[in-house]
Structures are given as structure tokens and as C-alpha cells.
Amino acid sequence: MSHSVELQDVGMTFGKTRAVGDVSFTVEGGEFFSILGPSGCGKTTILRMVAGFLQPTEGKILIGGKDMAGLGPDQRPTAMIFQSLALFPLMPVWENIAFGLEARGVAKAERRRKADELLKLIALEGYGDRMPGELSGGQRQRVAIARALAVEPQVLLLDEPLSALDLKLRQHMRAELRALQKRTGVTFIYITHDQSEALAMSDRVAVMSAGVLQQVGAPRDLYDNPATPFVAKFVGETNAYPGIVRAIDGKTASIETAHGTMRGRAGPALAVGSKASLYVRPEALKAASVDNAVAATVDRFDFEGAFALIHARLPDGAPLVASVGSLDFADAPKPGETARFGFAPDHAVVLADG
Amino acid sequence: MGDVFKRFGGGLGTVFTALVLVWLAGMVLAPNITMIDYALRPNLPPSAIGGDQDVYSLSNILYLAGEDVHRAIFFKTIWASALVAFITFVVCYPIAYWLAQNATPNQTALVLLALTIPFWINEVLRTLAWYILLAFRGPLNEALLAIGIIDAPVRWFGDTGVLAGMVYAYILFMLFPIYNAIESLEKSQVEAAKDLGASTWRIHARVVIPHAKAGIATGCVFTFMLAAGSYVAPALLGAPGSRWFTQIIYNWFFEGGNWNRGAAYALVLLVLCLVVVLVTLKLARVNLTDVAK
């Protein structure tokens, strides 16, 4: 089993800017763990602290149970894959892959053998003598992964490595990364601002905003049970209706909004009389539903292939987005029409504003 | 060429092209052809010029080959210039690396300004400053005596003085090409090498220096040529034992009164410098066009 990574109250302050504060989570050994957040949320800072390029100004980082304080990137059982990949352009592919072994004083023949073995693992057999510039984006990606795996790290740190690839290749590389992680059993910590990437690949995801950890959970859990308004809005599409909590009845909360009283599942730390918002996913909004129904006029019908997004306006101008599967297009309201959209209380969540 | 006309139109384009041609012909070709012409002709009294004895020959160049002292000074100038280039490189590389990779923009601006300001002063005066610093009873000896590193003043003038003066004089010609080359190196390259466990030495040997090779070769070529052709530093900071080949050339012109032999010596120095430069570039696999950048 690969090493686990534990962050205990980690904080990082650059001069007067607090980039990360009070972040605690544990990545289990062999887990595919993503840190998701918009740019500037502190996720790269966290990764660089785990890698050893930065020393946290507060808290502790433990890898495999050992405190990493004071250890540089060359002394940690981690390997990093950079956003730019940072392949060495003047070395052939095999020397790139074997660079970590070269630094460890491994003999040349053994380095070459190991490089060829890794080239096989990433399905690039016979590419050892090419230069990185002669490879395609996806191939370079795989070489970067092989180079990091060559030093047999316990933890692989990936800093948005897929962001430079086009959509098709990105989706393909997601599956490949996931398969590679399962095969090698190495702990992966993956940084991304792309929520679909995080949801598709990870065992668990940590959502960050403005240097603060918002929620850690399985992808499905984050989507269905967001703990904070930020998570509800950042992970997936959502409609938000602000209002005042009027009643909490077991697991269901009633909230009085500008569009009438609506009911949804009660989020954590909700109090009657406090300001809160109800969040409902586009796919939960049905034109035929009678529960929690609101009348809205359809503005636009955006066809996306397997589904379409209906952009509508409530009487006061507030937006509403509902999605409809391609098989149900015929029954969907058309632009200009006014329809009543509703949702089952189970499919919505009420979260305290904060 | 066509671009010049396209950009500036026929009139201005012609003027610019003419200016470049005048420059090339008057400042580059004419002096060099004259030098070659002088070098290959014997030194004759004015009345004999154009007479029977005024024929082209290699005798002036062969004279250098046969003259032991001059030949020794010639070769010493070549390898000492290479040494100057090497020491300047050793001094500049860490500064250039720090400026290009680690310094904040403010630090870079400050250091580059501090390094440039002395170059607003004439080279002769800058060398004269070293003449004062390195004097037998000068500040350097005083300071070293005061802190007890030496017991008696050292005579710095000679090889050491010449070396110090030249390294100082040509530091910017080495620093800027290397700085520019290292600046274009992505920071993550260095970080990746470090992350993979490479030592500082290996990071430089395998990642930074190969990347900066063109800049390093350019800096070394500049410094070597400037050192080989230097006159002020050896004249001011040298000693009788540290004569530079340029001083011999000077003597032929202004003391020996034999311009032809002086021209021949200068021609040999020029050719050898060219050879060294071209071989260096070839070894470093750098094109002349890279150097021109």
C-alpha cells in the first residue's frame, strides 16, 4: 500500500497574503484524490507544499505518517507532474524518463532497461530515442507520467496536467490516468479547476475556495449533498433561490423565497428564521411536476447533444435553467412559452447563506 | 533586402541601403584590405615603393614564425585570452543564473544598473581605477595587510593584474548573453529536475547549461575576442613579463616604424581569433546567426 498524505491545520502566508488557511484532510494510501477549485483558490500552493517546494507557515504535512517539515522536494517520496510537463527538451525521451535514476547514480544500461520498461507501460515502446519535441501532446503527457513513476514515488502529484490538451484527448487521458493509478497503486493527488475532470476520475474530491477547504467527499456525495453554497454552485450547474427559512421538519426545510415557499432537504447548521438559499439542479426541474412549481417564460433552448438546457425567466426576471434529455425534446416547452417548472423536495437542498 | 524597400519606400530605402554599403566598404572592407596589402609587402623607404623590390611575399608573417619571443607572446595571448573567457564565465554564470531565475524584478533592475553604471566611464579610466587598486602601496595590499592575510605587499601588476582588469572589463559581454539564455528557461524545468532528486551540480550540468549553451558560447566568443585584442589592460596593469601580443603590434607601428610587419602580426592575430571562434561555435553546435542575436 502506498503512503497516505495527511495535512494538519496547514496554512501558507506569502508576505501579507494568506494563500491557504487551516486546511486539514487525509488522503488514504492508493487513493485518487483531487483538489478542485477556481484559479487562485490555493490548490497549487497546497500541492507545492506537499511536494516540498514550499514549506507551510502553519501546520504539519505527514507523508506515510512521517512529518515532512524541513525536507526539500528531492528528499520526499513524492514526484510531481507539472502543468507545463517540464520535459527536458534537449534530452531524448528515454533520458527524460531515466533522469531520476541518473540522479540516483543508477548505471546507464540499467537506466535504459528501466526506461524501456516504463515506455511499455505507457504504450510508447520504441519511442525512447525520439526527442520530446517530436511527440504529440498526449504522448508527451505520458512521458511526463513515466518520468515521475521511474523514481517509484509513493505519492504522485499532478498539477492540472491535462489542461493543455483538446477535449477528446483530455477525456481519453482521464481514463488512462485512472487506469494507470489503479495498476500502479500509487497515491495520486490531482489538482484541477475542471469539475467534470475531478468528478470523473477521483475516489474523493476536496473543494477549495479562497484558500479555505469547503468540503471533502466522494464525487457523487459532493454533487448530491453539497455542504456549502460554494460547493453547490461550483460543482455542477445549479439554480439558487434565496429566502428565509420558515420551518424545519426532520430532514426537510421550507424556505420562503420571492417565488413562493419551496421545500428541500435541510443542509447542515440551518436555523429557522435565518437567511438561506434553495439549490436545485437543472435536471431536477421538470415542466410537468406539481411540487414546488414556479411559472417561468422560456428564453432559449440550448441544444447540447444528449440533452438540452432550457433557459427561462421567472416573473421577476430571475433566471431558471432546466435540462431535458434528448428523448423528451418533443414535450419540452418552446421559447416564448410560459410553463410551470417544479421539483421533488428530495432533489433540492437548502443551505445557510455564508 | 526587398523588405527595406517595402517598408521605407524607394527613396528612403535607397538611402539606407547606400549607408549600409558605405559602412561596409569604408569601415570594414577598406581597412582590412589595406591591412592585408600592407602585411604582404616589404617595408621599404618611400623612394623604393612601387619599385622592383615592392612585391607580395609572406616574409613578414614568416618573420613572426621565426622570432621565438614574439611567437611565445602570441601563443600566450591566445591561451590567456581563453583563460580570461573561462574566468569571466565562472564569475558571471552564478550571477546570471540568480538574476534570471531567482531574483525579484526589483533586484534584477538594481543589480543590472549597478553593473552597467561603471561602463558609462571610458575603458581606459576603468582600467586606471584597477591600476590604483592594485598598486604596490594601494588599497588592496593595505587591506590584505590589515586583516593579516599577507605579511608583505604583493606585486599584483603582471599576469594577475591583466587577468583581473580584463575579467572586470568584459563582464557585461559575458553576463548579458548568459542572462538572456537562462531567462528563457522555464522555472519548472529546474523544479522538475530537483523534484526527481538531482543535485545542484547535475541540475546545472544537465538542464541549465545545455539550455544556455548558445548564450555561453556567445559570451565566451565575445570575451575571447575582446581579450585577445585588448591593449589598455596589459599596458596599464601588466609587467615586462606579461606582454600582450597587441603591444608587440603597437611597437611595430609606433616604435619600430615597420607598419608592414605590424600589419602582418595583426593579420595573424585576426585569423587565429577567427579560427578559435569558429571552432568554439562548431564544438558548441551554435550558428553565427545565434551569436548575432
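**Exercise 1. Find where B:Ile33 sits in chain B, and decide whether B:Ile33 is buried or exposed.**

Step 1. B:Ile33 lies in helix H1 (residues 2–40) of chain B; helices (H or I, at least four residues) and strands (E, at least two) are DSSP runs, numbered from the N terminus. The model is predicted: local features need pLDDT of at least 70, side-chain atom pairs count only at pLDDT 80 or more, and totals for chains, interfaces and linings use all residues. Residues are numbered from 1 along each chain as its sequence is written, chains are lettered from A and ligands numbered from 1 in the order in which they are written, and side-chain values use heavy atoms, with hydrogens and water left out.

Step 2. Buried means under 20% relative accessible area, exposed over 50%, and partly exposed in between (1.4 Å probe, protein chains only). B:Ile33 has 54% relative accessibility, so B:Ile33 counts as exposed.

**Exercise 2. Name the residues that share a nonpolar surface patch with B:Ile33.**

Step 1. Recall the rule: patches are made of residues with over 30% relative accessible area and no salt bridge, like charges being joined within 9 Å and nonpolar side chains (Val, Leu, Ile, Met, Phe, Trp, Tyr) within 5 Å.

Step 2. The partners are B:Val20, B:Leu21, B:Trp23, B:Leu24, B:Met27, B:Val28 and B:Leu29, and together with B:Ile33 they make a patch of about 810 Å². Accessible areas come from the Shrake-Rupley method with a 1.4 Å probe; for residues, only the protein chains shown count as cover.

**Exercise 3. Describe the salt bridge between A:Glu152 and A:Lys114.**

Step 1. Side chains of opposite charge can pair when their charged atoms come close. A salt bridge is a side-chain nitrogen of Lys or Arg within 4 Å of a carboxyl oxygen of Asp or Glu.

Step 2. Here the N to O distance is 2.8 Å. This pair links distant parts of the chain, 38 residues apart: A:Glu152 is in the loop between helix H5 (137–149) and strand S7 (155–159), and A:Lys114 is in helix H4 (residues 108–121) of chain A.

Step 3. A:Glu152 is exposed at 58%, whereas A:Lys114 is buried at 12%.

**Exercise 4. Do the same for A:Arg142 and A:Glu176.**

Step 1. Their side chains meet in a salt bridge at 3.6 Å, N to O. A:Arg142 belongs to helix H5 and A:Glu176 to helix H6 (residues 167–184) of chain A, 34 residues apart.

Step 2. A:Arg142 is buried at 14%, and A:Glu176 is partly exposed at 26%.
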